[in-house]
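Here's a quick tour of a protein chain for anyone who likes to know what sits where before heading to the bench. Have a look at the model first, then read on.

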Amino acid sequence: MWRRALSLPSLRQFSSTPEIPTLYSFLQPSIFALKRTPPSSQETPKALNPTPKALTLDHKTALESNLQTSLDNQNTDEAWKSFKILTSNSNFSSKHLSNSLITHLSSLKDVHNLKRAFASVVFLLEKAPQVLTFETIGTLLNAMKNANTAAPAFALIKSMFKNKFFPPFSLWGSVLIEISRKNGSFVAFLRLFDENCRISVDEKLDFMKPDLAACNAALEGCCYDLDSVNDAENVLETMSVLGVRADESSFRFLAYLYALKGLQHKISELDILMDGFGFSSKRVFYSNLISGYVKSGNSDSVTEIILRSLREGDGKSMNFSEETYSEVVKGFLSNGSIKNLAKLIMEAQKLESSSIGIEESVGFGIVNACVSLGLLDKAHSILDEMNAEGGSVGLGVYASILRAYCKEHRTTEAALLVTELTSSGLQLDAGSYDALIEASMSNQDFQSAFSLFRDMREVGIPDLQTSYLTIMTSLTENHRPELMTAFLDEVVQDPRVKMGTHDWNSIIHAFCKIGRLEDARRTFRRMVFLRFEPNDQTYLSLINGYVSAEKYFSVLLLWTEVRKRVSINEGSGLKFNQSLVDAFLYALVKGGFFDAVMQVVEKAQEMRIFVDKWRYKQAFMETHKKLKVAKPRKRNYRKMEALVAFKNWAGLSA
């Protein structure tokens with residue numbers, strides 16, 4: 001956007017010191033010094049202005065040769081010295097050498113040499129314009145753009161026009177537009193633009209005709225920086241003379257300006273013209289009318305434009321951008337008009353189609369703009385105002401506030417707002433619930449997540465699985481098995497939730513890990529009661545938990561159960577694998593239940609599962625190294641027999 005140019009100080013010059021009057025006074029050696037040194041009073045006039053000496057042909061040839069060699073060797077000062085001597089004696093180097101020098105100076109990216117390049121071009125424009133090429137001019141202008149030097153760029157174009165050196169507009173137009181935007185120099189650009197267009201028409205030079213983008217840049221500056229209807233319409237008239245056809249951008253600039261000035265009759269003319277030009281969508285046109293009305297403080301007209309867009313679209317939104325809604329919000333709130341914003345939303349809801357998407361509603365646009373501007377409390381105030389007025393609050397108003405609450409981790413407030421929303425008969429989609437629940441779990445606000453999940457179930461959301469997994473995963477990561485158990489009990493009968501053995505395993509594993517073995521056992525029994533089949537992971541978690549607590553008898557009871565399951569359900573989900581064999585053997589050896597140990601060994605051999613005997617030999621030595629085979633008695637004969645069998649199997653008999 002153009003910055004306001006009329007209020008800026010005068011255009012910046014090359015330096016703060018007075019310039020030597022003649023543009024090509026660079027011929028004096030001190031002109032490009034960074035700091036000017038005043039001439040000494042001791043110097044004579046002759047020393048200050050020596051009389052040029054005529055150059056012989058040989059001397060000129062030698063200077064040109066030296067200029068070329070210096071350029072080849074990147075010896076800038078020596079090249080400049082040769083060029084100065086040539087020009088100070090009213091001689092001109094060849095076209096190739098002159099353009100090469102200027103191109104070289106422009107490429108050095110320092111102000112000192114850029115001044116040299118500028119002065120050289122201005123001098124040649126006045127004395128020998130035929131020497132210069134458009135390519136060289138373009139190179140210099142781009143260097144000025146990169147150095148962000150506005151004044152010399154404008155001076156260069158003025159000098160070209162003055163000396164009837166007419167370059168194509170494409171060579172300099174876009175460069176000066178960019179420079180002007182950076183420096184707030186629109187007035188200077190507009191003058192050159194007008195002069196260029198006059199020359200193009202008077203001299204019938206089509207290559208000087210600006211393109212649509214340049215004309216729109218001029219129009220934009222007139223509308224947004226100068227706020228001048230006359231200047232804008234002059235540019236529009238120039239476009240007509242040049243045969244440049246206006247586009248949507250042209251109309252949007254004028255729409256802003258006419259709205260700013262309150263020129264309703266001209267807005268109506270623009271509206272008719274847009275239809276004549278065949279522009280089917282008026283979204284951009286209306287957006288700029290809104291911008292103009294907002295800037296002028298005309299909130300009634302802003303409201304009228306938004307409602308008009310809905311009427312013309314049969315209840316469908318124009319999909320105004322967030323930037324437009326932000327302008328509306330800032331404009332209304334600058335006058336403290338929360339009530340008027342609420343009224344605008346309610347009036348819009350009366351016109352909006354029932355098929356309109358949540359994010360396409362005016363309510364969503366306004367509230368979302370509040371949120372984006374960091375005015376979440378203002379957004380909630382709008383909601384409160386609508387409720388106080390007894391108006392119907394659309395889902396779009398709630399949706400944006402809910403998202404903001406999630407982003408700010410205000411999940412308790414979000415859950416309460418959902419309850420309010422559902423009680424009013426509105427219903428969020430599954431994706432919104434999922435996002436809210438994920439935010440609640442991330443914030444470890446488990447109760448809000450459970451409350452939201454209950455709402456999902458009660459309002460009949462068909463897809464519960466994503467949120468179910470989010471809750472279960474988060475509870476697992478946060479080591480909250482008691483909440484997992486309660487949650488599973490609550491949803492286990494819901495056919496929309498796909499629950500499996502792994503869910504119960506997660507709870508059992510979590511209980512075992514924190515030593516709550518009775519809770520783990522209770523969960524296991526509940527799991528079996530509900531007909532979820534335990535698998536190897538179920539038993540591994542329980543075995544490891546019991547071993548950690550040295551409750552080896554509990555492992556023996558597990559083995560009794562597993563032995564039955566394996567024998568009865570060979571093809572079931574329970575896999576009697578090496579991990580399970582190792583876990584049982586280690587625990588049963590440590591517990592001294594050698595009868596059960598040999599049963600496990602027998603089952604492993606039957607299923608061809610490899611067993612590392614050394615590990616269990618070590619376990620026996622650590623726990624039972626003093627245990628000897630006593631004389632068999634009738635009542636413990638079987639135990640002694642099992643011990644002997646184990647020692648024989650493990651290689652401990654010797």
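Is tyrosine 405 buried or exposed? In this predicted model, tyrosine 405 counts as buried, at 2% relative accessibility.

## Around tyrosine 405

Tyrosine 405 sits in helix H20, which covers residues 395-407. Its side chain makes a polar contact with the side chain of histidine 380, at 2.5 Å. Leaving out neighbours within four places in sequence, tyrosine 405 also touches Leu376, Arg410, Thr411, Glu413, Ala414 and Leu417.

Alanine 415 comes ten residues along the chain from tyrosine 405, and the C-alpha atoms of the two are 9.5 Å apart. Right beside tyrosine 405 in the numbering, cysteine 406 is buried too, with a relative accessible area of 14%.

## The chain as a whole

Helices are what you'll see here: the chain has 33 of them and zero strands. Out of 654 residues, 49% count as buried. About 32900 Å² is exposed, and carbon and sulfur atoms supply 50% of that.

Now for the contacts with a separation of 6 or more: 68% of them are made by residues 24 or more positions apart.

## The nonpolar core

In soluble globular proteins, nonpolar side chains tend to be buried together. Here the largest nonpolar core has 208 residues, and Leu156, Phe453, Phe576, Phe584 and Phe646 have the most contacts inside it. Both domain 1 (246-250 + 257-381) and domain 2 (394-499) give residues to this core, so it lies between them.

Take phenylalanine 453 from that list. Setting aside neighbours within four places in sequence, phenylalanine 453 is in contact with Ile437, Leu464, Ser467, Tyr468, Ile471, Phe487, Val491 and Val497.

## Threonine 76

Threonine 76 belongs to helix H3, residues 76-88. At 12% relative accessibility, threonine 76 counts as buried, because the cut-off for that is under 20%.

What does the side chain of threonine 76 make a polar contact with? The partner is the side chain of histidine 104, at 2.8 Å. Beyond the four nearest places in sequence, the contacts of threonine 76 also include Leu105, Leu108, Asn113 and Arg116.

## Cysteines

How many disulfides are there? The count comes to zero. Cysteine 197 is a handy example: the closest cysteine sulfur, in cysteine 215, is 6.0 Å from its own sulfur, so that pair is too far apart for a bond, given a cut-off of within 2.5 Å. Cysteine 197 is also buried, with a relative accessible area of 4%.

Terms used: Residues are numbered from 1 along each chain as its sequence is written. This is a predicted model: local features need pLDDT of at least 70, side-chain atom pairs count only at pLDDT 80 or more; totals for chains, interfaces and linings use all residues. Side-chain values use heavy atoms; hydrogens and water are left out. A nonpolar core is a set of buried Ala, Val, Leu, Ile, Met, Phe, Trp, Tyr and Cys residues joined through side-chain atoms within 4.5 Å. Buried means under 20% relative accessible area, exposed over 50%, partly exposed in between (1.4 Å probe, protein chains only). Domain bounds come from an automatic or database domain assignment. Contact means heavy atoms within 4.5 Å. Helices (H or I, at least four residues) and strands (E, at least two) are DSSP runs, numbered from the N terminus. A polar contact is a pair of N or O atoms within 3.5 Å; within protein, one must be able to donate a hydrogen and the other to accept it, and residues adjacent in sequence count only if both atoms are side-chain atoms. Accessible areas come from the Shrake-Rupley method with a 1.4 Å probe; for residues, only the protein chains shown count as cover.
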